[in-house]
Number of protein chains: 2
Amino acid sequence: MSGKNLLQEACNQTTYQLAGHGKRNMEVLKEAFQQIDGNLESDMYGSGKVIEDFQEKMAKYLGKETAVFFPSGTMAQQIAVRIWCDEKGLKKVAYHPLSHLEIHEEDGLKELHHIESVLLADTKRCVQLEDVLILEEDVACVLLELPQREIGGQLPDYNDLEAISTYCREKGIKLHLDGARLFEILPYYQKSAVEICKLFDSIYLSFYKGIGGIAGAILAGDEAFIAESKVWKRRHGGDLISLYPYIISADYYFEQRLDKMEKYYEEAKELAGFFNACHAISTRPVEPVSNMFHVHIDMPKEKLEKILLAIYEETGIGIIHYLRETSEITCYFEISIGDRYANIPKEELRDVFQLLDERMKKM
Amino acid sequence: MSGKNLLQEACNQTTYQLAGHGKRNMEVLKEAFQQIDGNLESDMYGSGKVIEDFQEKMAKYLGKETAVFFPSGTMAQQIAVRIWCDEKGLKKVAYHPLSHLEIHEEDGLKELHHIESVLLADTKRCVQLEDVLILEEDVACVLLELPQREIGGQLPDYNDLEAISTYCREKGIKLHLDGARLFEILPYYQKSAVEICKLFDSIYLSFYKGIGGIAGAILAGDEAFIAESKVWKRRHGGDLISLYPYIISADYYFEQRLDKMEKYYEEAKELAGFFNACHAISTRPVEPVSNMFHVHIDMPKEKLEKILLAIYEETGIGIIHYLRETSEITCYFEISIGDRYANIPKEELRDVFQLLDERMKKM
């Protein structure tokens, strides 16, 4: 068994875990459907009460004319960018070098849509106004991911966001929000979803990150944009006869967790503090701006693994289930706070970090 | 309320209905999950026991090296064709003019993959050996849909199938099976899935037609083909974090209904006989070769609607929930036999067709 699996195995055996809502198992679906009337009809290729009601609810929540439910964000975002590129007759989009579209989608945007990416900012920080101002090439669309996940979930200042939005509108550049974690950033900005979304022409959001649903996404925008996105949804093979398993669960967990985003954010700041107090450990950002952050450790992956395995065994608290090497002597992992964190007794939590600090110092 | 909705409404109110398994409602999911252990882990971006076991089971059932679960057939088939076209360096596929890819996918194959279609046969009959032999253009792939749904579910002779397969192999043309209704044709051919599938290089099959699942599809073929299809699945946005709602239900209803295909086929022949005995009504094919057929009526849609509404009211048996105009004086509908048909008392069934025949004659 590989080291990664050992850690995952050990973490699964603990009583408490720091990250996430809980196990991704069948119970997630069963709970969401428990109170659902068996007679409620399925959606049917994008029509029907189940899908239409939820789309309307989300459009209203985001302050957009209309919205459409997609099986995945990968599909929704490629399509959004494609529509804006077609409208302008220019197959170029600008986004962060660590955008999901650039590194996690097997180049679908390039291979399927033949759209070129222009990279903004660098891999260490998030996009700022300056990066957009100095764009040398004309683009049809700028895509901003809030928070920028691959750098620990960093966010630009709200003023920067506003300025980017104003600039793009002046220049005839469409602004698209990769809002996979939109719910999670509202407490930091102290803004409503409507206030954030009015800066953007189109918005994607996900239901299996902070919301903890099974899968699925919403794409929102004006009527013409969404009508066209439905044609592309069919072309991509995303216009399934029934999407209700994802819709019902998205709605169920949206209702359960939307109001907890502030709590997750506060807990993330507390937990980052615990990590930063440990020898050779630092979080990125130092103070989280959402429910997520990265933890960087100045220690080889194998050494840290041994420390963690012992701590899980001794305390029954699982810190993380995997580690990723960043060099031969450093590694990191990602934490997203969900329902689990609040279940851990504070005393035991302090003990586990005291222990971690001691063990780190000894190595 | 439109005529179509009136008929649907009335049909929904009847005690018995001729077509289908039952209502497409939440109960379909709830039943499939009732005995599923809540602790069973979700699949995770194409990995995990739930998805891997089912893929292996289907590969074995089809007699292919390996298989991959897709959210939709639209996605699976475009990808299959794309892989064969890339392999040959020729962006041309030959299929029937009423193929799903040609008429139901908003031209995804052309718009996303830039693949040209060469049409085989004509819109009245299914593809035969002769159509493939006289192809004037070289193509990378021939796609056969068995049965050809849009012409009532017709099938070529098995000898023709074998000959097409042999010819394509000799010519270096890949043969792909649109097996959306593969399970449903086995009783007519008196062949196993393995025997049919060995004629093809790649196979798609669906779980929400005869099987009656929620959605989802399998694509099967050799290892290299399937490995590449997974890359394209991600590009299309089909590599969802969790596909288990579709997989669990596909497996559940596969187990329930696979052995009933012979019965559905026999019932389809019986039911087609009832229709053909009615004045001004004929089925296509006259004798069904699967669980499906089309019913053509020499009467304007509006007139027939009135007859049907009265019959539903009087007998409590719903014949069909929609009608489609084929001209000002003719219309048609499609019947697929499922679990419902066997529930109708034979006496009442005979009465309803006697009544239909009488009313048709009177008009």
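Among contacts in chain A between residues at least 6 apart in sequence, 76% join residues at least 24 apart; two residues are in contact if their C-beta atoms, placed from the backbone, lie within 7 Å. Please keep in mind that this is a predicted model, in which local features need pLDDT of at least 70 and side-chain atom pairs count only at pLDDT 80 or more, while totals for chains, interfaces and linings use all residues. Residues are numbered from 1 along each chain as its sequence is written, and chains are lettered from A and ligands numbered from 1 in the order in which they are written.

**Chain A as a whole**

Chain A holds 15 helices and 13 strands. Helices (H or I, at least four residues) and strands (E, at least two) are DSSP runs, numbered from the N terminus. The C-alpha trace of chain A spans about 60 × 55 × 40 Å along its principal axes. A compact globule of 363 residues would have a radius of gyration near 21 Å, and chain A agrees, with 21 Å. That radius is taken over C-alpha atoms, and the globule rule is 2.2 Å times the number of residues to the power 0.38. Of the 363 residues in chain A, 51% are buried. Here a residue is buried if 20 or more other C-beta atoms lie within 10 Å of its own, exposed if 12 or fewer, and partly exposed in between, with C-beta atoms placed from the backbone.

**Two domains**

Chain A splits into domain 1 (3-22 + 260-362) and domain 2 (43-241), with bounds that come from an automatic or database domain assignment. Taken over C-alpha atoms, the centres of domain 1 of chain A and domain 2 of chain A are separated by 30 Å. Their contact takes 15 residues from domain 1 of chain A and 15 residues from domain 2 of chain A. On the domain 1 side, α13 (261-276) and β10 (292-297) of chain A each supply at least two residues, and α13(A) gives the most, with four residues. By class, that side of domain 1 has eight nonpolar, five polar and two charged residues. For these classes, Ala, Val, Leu, Ile, Met, Phe, Trp, Tyr, Cys and Pro count as nonpolar, Asp, Glu, Lys and Arg as charged, and the others, Gly among them, as polar.

Two residues of chain A are worth a visit. A:Cys11 sits in helix α1 (residues 3-12) of chain A and counts as buried because it has 20 C-beta neighbours inside 10 Å. A:Tyr312 is 301 residues from A:Cys11 in sequence, yet the two are 6.7 Å apart in space, C-alpha to C-alpha. Leaving aside neighbours within four places in sequence, A:Cys11 is in contact with A:Gln17, A:Tyr312, A:Gly318, A:Ile320 and A:His321. A:Tyr332 belongs to strand β13 (residues 330-336) of chain A and, with 19 C-beta neighbours inside 10 Å, counts as partly exposed. With the same neighbours within four places set aside, the contacts of A:Tyr332 include A:His294, A:Val295, A:His296 and A:Ile297.

**How the two chains meet**

Chain B can be laid on chain A with an RMSD of 0.0 Å by a turn of 180° and a shift of 0.0 Å along the axis. The two copies are thus related as by a two-fold rotation axis; they were superposed by least squares on the C-alpha atoms of residues with pLDDT of at least 70 in both.

In the interface, 39 residues of chain B are in contact with 39 residues of chain A. The helices α2 (26-33), α4 (73-88), α6 (108-113) and α11 (223-236) of chain B each supply at least two residues of the side that touches chain A, and α2(B) gives the most, with five residues. That side of chain B divides into 15 nonpolar, twelve polar and twelve charged residues. The copies meet through the same surface, because 100% of the interface residues of chain B are also interface residues in chain A.

Helix α4(B) is mostly covered, with 13 of its 16 residues buried. Just after α4(B), B:Gly89 takes a positive phi of about 65°.

**Backbone details**

Most residues other than glycine have a negative phi, and most peptide bonds are trans. The table lists some exceptions.

| Site | Value | Place |
|---|---|---|
| A:Leu146 to A:Pro147, cis | omega about -10° | A:Pro147: loop between β5 (141-145) and α8 (158-171) of chain A |
| B:Leu146 to B:Pro147, cis | omega near -10° | B:Pro147: loop between β5 (141-145) and α8 (158-171) of chain B |
| B:Tyr45, positive phi | phi near 45° | B:Tyr45: loop between α2 and α3 (49-62) of chain B |
| B:Ala280, positive phi | phi about 65° | B:Ala280: loop between α13 (261-276) and β9 (281-284) of chain B |

B:Tyr45 counts as partly exposed, with 14 C-beta neighbours inside 10 Å.
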